[in-house]
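The following dialogue asks how statements about a ligand and its surroundings are justified. Each answer sets a value against a criterion.

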Amino acid sequence: MSKRSDIDADKLAAWWRTDIISIAPGQIRMRGYPIEELIGRIGFCEMIWLMLRGELPSPKQASLLQAALVAAVDHGPQAPSIAIARMAMTCGLGINNAMASAINALGDVHGGAGQQCLELYEAIAVLTASGVSLSEASRQEIERRLDAGEHIPGFGHRFHGIDPRAGRLLALVAEVAGSDGVTGRFKQIGEAVEAALAQIKGKTVPMNIDGATAVIYGELGLPSPLARGLFVLSRSVGILAHAWEQHEQGGRIKGPMPPSVSYRYEGEALRHIEEANR
Ligand SMILES: CC(C)(COP(=O)(O)OP(=O)(O)OC[C@H]1O[C@@H](n2cnc3c(N)ncnc32)[C@H](O)[C@@H]1OP(=O)(O)O)[C@@H](O)C(=O)NCCC(=O)NCCS
């Protein structure tokens with residue numbers, strides 16, 4: 001029978017149990033690989049895959065993940081996340097606070113739609129597996145969401161007519177399809193959603209970066225919540241670059257518009273507390 005102190009030590013060790021990393025004095029192993037063997041031999045993208053999946057990716061898998069991460073790094077100072085990072089820097093915050101503030105703006109509508117988009121693709125995949133045609137499954141899932149008053153995640157863009165990132169990412173999926181577990185199925189689903197949405201709305205609502213990266217994450221077998229996490233990883237690069245550029249430019253308390261540009265006040269005309277009926 002084990003002594004009480006043994007049981008406690010075992011319980012304590014299990015408190016933060018992990019398959020990711022083991023460390024001992026002078027030794028760091030990631031998923032079993034000594035860190036000194038990984039350094040200089042694998043890229044950052046392969047490291048991300050190893051950390052998330054437990055194994056090293058094939059070169060084709062790594063190239064697709066890398067493409068998705070490269071595509072989403074930045075969308076300029078009018079993207080709320082980037083603007084927030086820059087404004088935060090002019091408020092005297094540290095770079096980590098500026099980055100955290102920006103990342104907190106990445107949600108269902110801005111930057112985080114990849115997660116729901118992949119959930120949509122997965123729902124369509126389930127329907128088609130039960131014998132429903134791809135076009136019918138897409139129509140059903142889109143109508144269900146539109147009837148609930150939702151936008152279809154991963155489609156539409158305030159600025160671009162056609163998002164230049166989406167077509168390029170889908171072309172890369174087509175190049176790899178048929179090997180290393182990439183079937184091209186999620187690409188077909190994404191394209192079917194775009195076609196069905198155009199038919200239902202009577203106008204094109206093109207696939208955006210979140211719709212295209214959701215195709216890639218689906219093809220790579222990544223669970224949908226990771227689509228959002230990976231977008232955050234990617235956009236963090238742009239957020240950091242803009243925060244630093246703002247730091248170098250200087251500026252204090254920059255708001256979303258120059259002070260010379262006023263916002264519109266639509267409330268009550270001037271009134272006085274003495275006139276209030278109370
Ligand atoms: C990105 C987004 C906010 C841009 O919106 P926008 O261009 O300002 O478009 P609006 O919301 O004003 O809609 C304009 C028209 O296009 C339609 N539309 C735009 N995106 C749509 C979408 N994703 N699903 C369904 N209809 C959409 C609207 O219904 C509206 O149609 P209407 O004229 O018949 O009313 C919007 O497309 C959206 O919410 N997309 C889903 C979320 C997403 O993918 N975000 C990541 C963006 S990179």
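Q: Where does the ligand sit in this predicted model, and what makes that statement valid?
A: In this predicted model, the ligand sits in the largest pocket. The statement is valid because more than half of the ligand's atoms lie within 2 Å of the grid points of that pocket.

Q: What is known about the space in the largest pocket and about its lining?
A: About 1000 Å³ of space lies in the largest pocket. Its lining has 31 residues, and Val109, Gly156, His157, Arg158 and Asn208 lie nearest the centre. At least two lining residues come from each of helix 7 (113-129), helix 10 (185-201), helix 11 (209-219) and helix 12 (224-249). By class, the lining of the largest pocket comprises 13 nonpolar, eleven polar and seven charged residues.

Q: Why is Ile152 said to surround the ligand?
A: Ile152 is one of 17 residues that surround the ligand. A residue is counted if one of its heavy atoms lies within 4 Å, so Ile152 must meet that limit. Ile152 is also among the closest, together with Gly154, Phe155, Arg158 and Lys201. The shell around the ligand contains eight nonpolar, five polar and four charged residues.

Q: What makes the approach of the ligand to phenylalanine 155 a polar contact?
A: A nitrogen atom of the ligand lies 2.7 Å from a polar backbone atom of phenylalanine 155. The cut-off for a pair of N or O atoms is 3.5 Å, and 2.7 Å is within it; therefore the pair is a polar contact. A nitrogen atom of the ligand is likewise 2.8 Å from a polar backbone atom of isoleucine 152, and the value for valine 109 is 2.8 Å as well.

Q: How much of the area of the ligand does the protein bury?
A: The ligand taken alone exposes 850 Å², of which the protein buries 66%.

Q: Which residues lie closest to the centre of the second largest pocket?
A: The second largest pocket has a volume of about 280 Å³. Its lining has 13 residues, and Met87, Lys254, Gly255, Pro256 and Met257 are the closest to its centre. Helix 5 (residues 80-90) gives the largest share of this lining, three residues.

Note on methods. Residues are numbered from 1 along each chain as its sequence is written. This is a predicted model: local features need pLDDT of at least 70, side-chain atom pairs count only at pLDDT 80 or more; totals for chains, interfaces and linings use all residues. Side-chain values use heavy atoms; hydrogens and water are left out. A polar contact is a pair of N or O atoms within 3.5 Å; within protein, one must be able to donate a hydrogen and the other to accept it, and residues adjacent in sequence count only if both atoms are side-chain atoms. Accessible areas come from the Shrake-Rupley method with a 1.4 Å probe; for residues, only the protein chains shown count as cover. On a 1 Å grid over the protein atoms alone, a cavity is a set of points where a 1.4 Å probe fits but cannot get out, and a pocket is an open set with protein on both sides within 12 Å along at least five of seven lines; lining residues have an atom within 4 Å of a point. Ala, Val, Leu, Ile, Met, Phe, Trp, Tyr, Cys and Pro count as nonpolar, Asp, Glu, Lys and Arg as charged, and the others, Gly among them, as polar. Grid points are joined across faces, edges and corners, and a volume is the space filled by probe spheres set on the points. Helices (H or I, at least four residues) and strands (E, at least two) are DSSP runs, numbered from the N terminus.
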